[in-house]
Amino acid sequence: MWRERIPPDVSLRQAAYLQKRKLRKYTILTIQILLLFLFFVLWEIAAQKRWIDPFLCSSPSEIWATATEMIKNGMLWTHIGTTLAETAIGFLLGTLIGTLTAILLWWNRFVCDVAEPYLVVLNALPKTALAPIIIVWLGNGKTSIIVVALLTSVVVTIMTVLNGFLQVDEEKIKLVRIFGGTKFQVLQKIVFPANIPIIVNALKINVGLSFVGVIVGEFLVAQSGLGFLIIYGSQTFKLSWVLMSVVILAILAALLYQAISILEKQILKKRV
């Protein structure tokens with residue numbers, strides 16, 4: 001019987017392709033690290049040579065010295081822990097409440113149509129403008145900070161996830177209905193699984209938004225946290241505190257984003 005001839009070098013081509021992808025990945029990572037290193041080196045040189053005012057712009061060495069001193073007396077861990085705890089709570093609540101609300105709006109299209117203009121307005125409204133009102137209502141404490149973080153992320157989650165739910169292929173939904181499937185089964189078998197990548201993307205967005213909400217809240221009412229360090233440092237002209245806090249926030253945001261990316265890869269592997 002005639003058989004299609006398979007080129008003997010197919011596996012070699014595949015191996016070369018995978019090697020090329022791996023090399024590209026490592027090249028990009030190396031360039032990213034070098035650019036970051038170059039940025040800090042130029043910053044340090046500019047401060048040492050007085051190209052920039054070290055009092056106003058600080059320097060990497062000054063930031064490192066400040067961080068080292070705060071680590072030794074335990075102050076830095078307290079502030080980082082406070083901000084991380086508030087961000088984690090706001091992030092989880094925003095994602096959970098936002099996803100559940102999107103499910104309820106998808107379930108009842110009449111309510112969804114009624115709520116749509118309000119969601120659009122709330123999404124456009126700067127949530128930080130509501131922070132002083134929240135603080136007056138809930139008091140000068142961590143509850144207010146968490147609520148501000150929640151409000152910052154929840155509307156975006158609702159609109160992102162709901163938009164994904166409404167764009168699911170109608171033919172698949174009709175097929176489940178033809179075979180007697182209930183609305184809950186449509187949600188469980190078709191709508192929710194199809195939108196797992198969108199929910200994960202919402203998680204990535206919520207990381208940054210939750211940090212924004214927490215920092216704004218800490219600016220106004222906190223007695224600890226990285227936001228408190230930033231506002232206190234700016235008021236007392238300890239700008240190394242300010243820049244150190246900003247650098248730490250960038251590192252924390254990057255780590256949380258990377259953790260969600262790893263979670264996304266694990267979910268996609270299980271789906272495959």
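Ile97 lies in helix 4, which spans residues 75-107. The model is predicted. Ile97 is partly exposed, at a relative accessible area of 35%. That value falls between the limits of 20% for buried and 50% for exposed, so the residue belongs to the class in between. Ile97 is paired in space with Thr157: 60 residues separate the two in sequence, yet their C-alpha atoms lie 8.6 Å apart.

A second pair of residues distant in sequence involves helix 12. This helix covers residues 239-271 and contains Gln258. Gln258 is partly exposed, with 42% relative accessible area. Its partner is Lys204, 54 residues away along the chain. The C-alpha atoms of Gln258 and Lys204 are separated by 9.0 Å.

Helix packing was examined next. Two packed helices are described by the angle between their axes and by the distance between those axes. Helix 6 (residues 131-138) takes part in a packing with helix 7 (residues 142-166). The angle is about 140 degrees, and the axes are 9 Å apart. Helix 6 is therefore oblique to helix 7, since only angles over 145 degrees count as roughly antiparallel. Helix 6 passes helix 7 in a right-handed crossing.

Helix 6 also packs against helix 10 (residues 196-221). Here the angle is about 60 degrees and the axes lie 10 Å apart. These two helices are likewise classed as oblique, because roughly perpendicular begins at 65 degrees. The crossing of helix 6 over helix 10 is right-handed.

Helix 10 in turn packs with helix 11, at an angle of about 50 degrees and with 7 Å between the axes. This angle makes helix 10 oblique to helix 11. Their crossing is right-handed. Helix 11 runs over residues 226-235. Its buried residues are Leu226, Gly227, Phe228, Leu229, Ile230 and Gly233. Just after helix 11, Phe237 adopts a positive phi of about 60 degrees.

Positive phi values also occur in loops. Most residues other than glycine have a negative phi. Arg50 is not a glycine, but its phi is positive, at about 65 degrees. Arg50 sits in the loop that links helix 1 to helix 2 (54-57). With 61% relative accessibility, Arg50 is exposed, because the class begins over 50%. Ser58 is another residue other than glycine with a positive phi, near 55 degrees. Ser58 is placed in the loop between helix 2 and helix 3 (60-72). Ser58 has a relative accessibility of 3% and is therefore buried, the limit being under 20%. Arg50 is thus exposed, whereas Ser58 is buried.

The surface carries a nonpolar patch. Its members are Ile31, Leu35, Leu38, Leu42, Ile45 and Trp51. Together they present about 630 Å² of accessible area. One of them, Leu38, belongs to helix 1, which covers residues 10-48. Leu38 is partly exposed, with a relative accessible area of 44%. This value exceeds the 30% required of patch members, so Leu38 meets that condition. In an α-helix there are 3.6 residues a turn, so residues three or four places apart point the same way.

Notes: Residues numbered from 1 in each chain as written. Predicted model: local features only at pLDDT ≥ 70, side-chain atom pairs only at ≥ 80, totals over all residues. Heavy atoms only, no water. Patch = residues over 30% accessible without salt bridge, like charges linked within 9 Å, V, L, I, M, F, W, Y side chains within 5 Å. Areas by Shrake-Rupley, 256 points an atom, 1.4 Å probe, with all protein chains shown as cover. Salt bridge = Lys/Arg side-chain N within 4 Å of Asp/Glu carboxyl O. Helix = DSSP H or I, 4+ residues; strand = E, 2+ residues; numbered from the N terminus. Buried < 20%, exposed > 50% of the residue type's maximum accessible area, 1.4 Å probe, protein only. Axes fitted to C-alpha atoms, helices over the stretch in contact; angles between N-to-C directions. Parallel < 35°, antiparallel > 145°, perpendicular 65-115°, else oblique. Left-handed = near helix turned anticlockwise from the far one by under 90°.
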